[in-house]
Each structure stands twice: as structure tokens, then as C-alpha cells.
Amino acid sequence: ALYRVLEAALLALLVFSPWGATLGEITDTPVAISVAIGYLIASVGLLLDARRARAGFASHAVIGVVVDIVVATLITHAIPEVAPGIAMLLLFNIGAASLFLTFRTSLLIAAGASAALLTERIVGLFGTGTFDRPFAEMLMFGLGFFAAASLTRQLGTQVRESQALADKRGAEAANLAEINELIIRRMQTGVLLVDG
């Protein structure tokens, strides 16, 4: 959620800063401005929601990554020259969300992100009549989305299993300590150990 706020701040800087034009020319200014402001507000709201949440980040992760995909698609439409950079930022968001989601949901999100970027390019093709980025680039980003989703999901599973094992071992150690304390309290005799 904090990374999303950073992304939103960078996007606002890109749209509202005079130096933003050096990275890419805005072709649809109203969309770019609306998305930059909306994403900044949404990202701060999602950050506050994540800080309040005690458990169950799955729904938060799904909402956040859907917002990220919609924003990436609209910004790619409004500022076509920054599309590869936006896709790279989205790659991290998909991977981070996959840590909290099931494998099927992670793959569904990766498929949605790939379809959204492809749809934006097809709409751009009909709008301008040119397909300015190679199809291989879009294919690689799509494969990257799937790879990030599946690999970070696997990593998340291993981390959760390790945490569960550590919690189990900690509970067993606490139980043993309680048993030892109980035995010592109920002993009728005592043992004193001294040196030579």
C-alpha cells in the first residue's frame, strides 16, 4: 500500500510537473489529470485501510491490484510513451498482491492485467491506426505478470508454512515450560545441587 502511494505520487509528478513532458507527451490530458488525482486519493485511502486491517488482506489486495490495473490501462492510453514503465510498475503490484491471494486468484489477476493492456493497445490501434509497440513486448509483459503472480504466490505459501511451523514449535516450547513449572511446584521433596 505504501508502494502504491509512491506510484501515485510519481504519476502525479509525471502529469503535473513541467519535467513530466520529457518522459512522455500526454495525448489525453483530461484522462491523465483525472486518473492522477483519483489514484493519489485512492492510494492514500488504501494505505489507511491497510493500516487498520488486522488480518485477512486478501480482499484489500484484490481491490488494490484492480485499482492498479485500471490506472495502468488508463495512463497507458493517456501517455502512450510511458507504457513500458507503467507495465513494469504493475508487475510489482501483481507480485505483491499474489502474496496474499490463492493461486487461482493470482493467475486471474495476471490474466486481467494482460488483457487490460492488450485491450488498451487494440483500442489505441483503432483510434490512431498505428500499433506503435511490438507485440512481443506485450507478450513479454503478459508472461512477466504470470511469472510474478505464480512465483510470489509460491514464496508466500512457503513463508506462511514456515511461520505456522515456528508458531507450532513456540507453542510446544511454552507447553513444556508450563509442564516443568507444574512438576516443580508439586514436588514433595527438593534437590539441592552443590559443587565440590
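This section describes the fold, the helices and two selected residues of a predicted model.

The protein chain is helical throughout its regular secondary structure, with six helices and zero strands. Read along the sequence, the pattern is α-α-α-α-α-α. The C-alpha trace spans about 95 × 35 × 30 Å along its principal axes. The radius of gyration is 25 Å. A compact globule of 196 residues would have a value near 16 Å.

Buried residues account for 33% of the 196 residues in the protein chain. The accessible surface comes to about 12300 Å². Carbon and sulfur atoms contribute 70% of that surface. Contacts were also sorted by sequence separation. Among those between residues at least 6 apart, 76% join residues at least 24 apart. The protein chain carries 13 positive and 15 negative charges. The mean positions of these two sets lie 10 Å apart.

Helix α2 covers residues 29-52 and has 24 residues. From its first C-alpha to its last, α2 reaches 35 Å. This is close to the 34 Å expected at 1.5 Å a residue. The buried residues of α2 are A32, V35, A36, Y39, S43, L46, L47 and A50. Their cover includes α1 (2-16), α3 (58-78) and α4 (83-98).

A32 lies in helix α2. Its relative accessible area is 0%, so A32 is buried, the cut-off being under 20%. Beyond its neighbours within four places in sequence, A32 is in contact with V15, I26, I75 and A78. A32 and L74 are 42 residues apart in sequence. Their C-alpha atoms are 7.7 Å apart in space.

Helix α4 has 16 residues. At 1.5 Å a residue they should span 22 Å, and the end C-alpha atoms are 22 Å apart, so expectation and model agree. The buried residues in α4 include A83, I86, A87, L90 and N93. I94, G95, A97 and S98 of α4 are buried as well.

Helix α6 runs over residues 135-186 and has 52 residues. The span expected at 1.5 Å a residue is 76 Å. The end C-alpha atoms of α6 are 77 Å apart, which agrees with that value. In α6, the buried residues are E137, M138, F141, G142, F145, A148, A149, R153 and G156.

A111 is found in helix α5, which comprises residues 103-128. Its relative accessibility is 31%. A111 therefore counts as partly exposed, as this value falls between the cut-offs of 20% and 50%. A111 and E181 are 70 residues apart in sequence. In space, the two are 56 Å apart, C-alpha to C-alpha.

Conventions: Residues numbered from 1 in each chain as written. Predicted model: local features only at pLDDT ≥ 70, side-chain atom pairs only at ≥ 80, totals over all residues. Heavy atoms only, no water. Helix = DSSP H or I, 4+ residues; strand = E, 2+ residues; numbered from the N terminus. Expected span 1.5 Å × (residues − 1). Buried < 20%, exposed > 50% of the residue type's maximum accessible area, 1.4 Å probe, protein only. Contact = heavy atoms within 4.5 Å. Rg over C-alpha atoms; globule rule 2.2 N^0.38 Å. Areas by Shrake-Rupley, 256 points an atom, 1.4 Å probe, with all protein chains shown as cover. Lys, Arg positive; Asp, Glu negative; His and termini not counted. Charge placed at Lys NZ, Arg CZ, Asp CG, Glu CD.
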